[in-house]
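The exercises below ask you to work from the overall layout of a protein towards its ligand site. Try each task on the displayed model before reading the solution.

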Amino acid sequence: MEFKNLAVLGSGVMGHGIAQVAAMAGYGVALRDIRQDLLDKAIGKIRWSLEKTASKGRITPAHAEASLARIRPVVDLADAVSGADLVIEAVPEDMALKRRVYAELDSAAGPGAVFASNTSTLPITEIASVTSRPERFIGIHFFNPPQLMKLVEVIPGERTGQDVTDAVSAFVSSAGKEAVICRRDVPGFIVNRLFIPLVHEACHLMDRTGATREEVDSAVRFRMGFPMGILELADFTGLDVIHKATSEMHARDRGVVRPHPSVAELHEKGRLGQKSGGGFYDYGEGNYERVALSEELAGRVDPAHLVANIANNAAWLITNGASDEEEVERAARLGLGLRIPVFESARKAGLPVLVSELKKLESEFGPTYAPDPYLSKES
Ligand SMILES: NC(=O)c1ccc[n+]([C@@H]2O[C@H](COP(=O)([O-])OP(=O)(O)OC[C@H]3O[C@@H](n4cnc5c(N)ncnc54)[C@H](O)[C@@H]3O)[C@@H](O)[C@H]2O)c1
């Protein structure tokens, strides 16, 4: 199985980036949205991005021009998917909407076409069940912005054929990205399973210890090897995205995250992070200034509970057959920019110490903290 022609449904934040990445790799792409003005805006953004990439010397002007010419903006669904052998769906994260889109798509697309959803948190197997082709349905989770982020999580559903997983992984590589297979359709897949609970745990840690945001973030950056603080990363990602992912993951498995009220509160107040001028931090107008974090501030907080949280979720993924240690570390490095592997931090802190801290937290706050057997086994 090999793909030549793609259709991308949805030309928003993710869809226009995915279309650009595929076109740059030589694929013909039909980019579909529900209105022409949305497509015009998307094509404008793609043109700008291609010109910028060419001006930096990363591609030639001819490559930029040819890539743009390979993208065909189209409103009519039947027209968009005619001749497509891979359809990547990037419509808003709403199960009812996705169900409607797939029901319509299933009758419009050719019987051999593979459907790949860019969902961050919705169950692949459940979306696949709306179609007549669950064996040709898969998750393809690009990260924002797709033009820059190397990682793509590939998530087979319960009935996805191995040939489809292989062909989609090969497509990801051919587009210059790195595929990490999440072998089971679990809430949050790999990266959000590590990331989303950690944002909430950082808030719980501040409550428990009285540490400031800057102190916690400094510990995350300087002692755990993140490229920025975890609250800073939440602001960068967007509190709307974090809130939505939290709700979906919590709805699927109440044990996966212990939601801290500040995420929902910031979301309700419209403090969505950098894009709205403030979230956990204030950014003001114009250029975004990095939050002042330092090694000195990092020394004031023991990040053991945060290390325990991310390591316990990594361990859960391994125990439950969604991944293995090497692949979890690759996903964390590429998706979160982590410079120190999760299990290196965990072993440095001492696995028995982390297990005992998790047990204490479990007895006080419930089963979200139950230590995964992989941590005890490895210690
Ligand atoms: N934004 C992120 O950081 C991010 C990261 C990874 C994955 N995702 C996932 O990608 C998907 C898209 O998210 P987004 O942030 O690009 O959303 P977005 O709101 O920016 O874009 C969605 C686009 O889909 C269009 N649309 C709505 N109904 C449609 C239909 N029936 N057919 C075609 N297009 C339709 C909308 O008009 C809009 O332009 C979601 O599943 C989301 O969870 C988002």
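**Exercise 1.** In this predicted model, determine how far apart the centres of domain 1 and domain 2 lie, and describe the side of domain 1 that touches domain 2.

*Solution.* Taken over C-alpha atoms, the centres of domain 1 and domain 2 are separated by 29 Å. The bounds to use are 5–181 for domain 1 and 191–378 for domain 2. Counting contacts as C-beta atoms within 7 Å, one finds that 11 residues of domain 1 are in contact with 12 residues of domain 2. On the domain 1 side, the elements that give two or more residues are strand S7 (151–156) and strand S8 (178–181). Sorted by class, that side of domain 1 holds five nonpolar, two polar and four charged residues.

**Exercise 2.** Decide whether the radius of gyration of the protein agrees with that of a compact globule.

*Solution.* For 379 residues the expected value for a compact globule is near 21 Å, and because the protein has 21 Å, the two agree. Along the principal axes, the C-alpha atoms fill a box of roughly 60 × 45 × 35 Å, and 49% of the 379 residues count as buried.

**Exercise 3.** Characterise the shell of residues around the ligand.

*Solution.* The ligand is surrounded by 23 residues, of which the closest are Gly 10, Gly 12, Met 14, Glu 93 and Asn 144. Helix H1 (residues 13–24) gives the most to this shell, contributing three residues. By class, the shell comprises 12 nonpolar, eight polar and three charged residues.

Technical notes. Residues are numbered from 1 along each chain as its sequence is written. This is a predicted model: local features need pLDDT of at least 70, side-chain atom pairs count only at pLDDT 80 or more; totals for chains, interfaces and linings use all residues. Domain bounds come from an automatic or database domain assignment. Two residues are in contact if their C-beta atoms, placed from the backbone, lie within 7 Å. Helices (H or I, at least four residues) and strands (E, at least two) are DSSP runs, numbered from the N terminus. Ala, Val, Leu, Ile, Met, Phe, Trp, Tyr, Cys and Pro count as nonpolar, Asp, Glu, Lys and Arg as charged, and the others, Gly among them, as polar. A residue is near a molecule or strand if its C-beta atom, placed from the backbone, lies within 6 Å of it. The radius of gyration is taken over C-alpha atoms; the globule rule is 2.2 Å times the number of residues to the power 0.38. A residue is buried if 20 or more other C-beta atoms lie within 10 Å of its own, exposed if 12 or fewer, and partly exposed in between; C-beta atoms are placed from the backbone.
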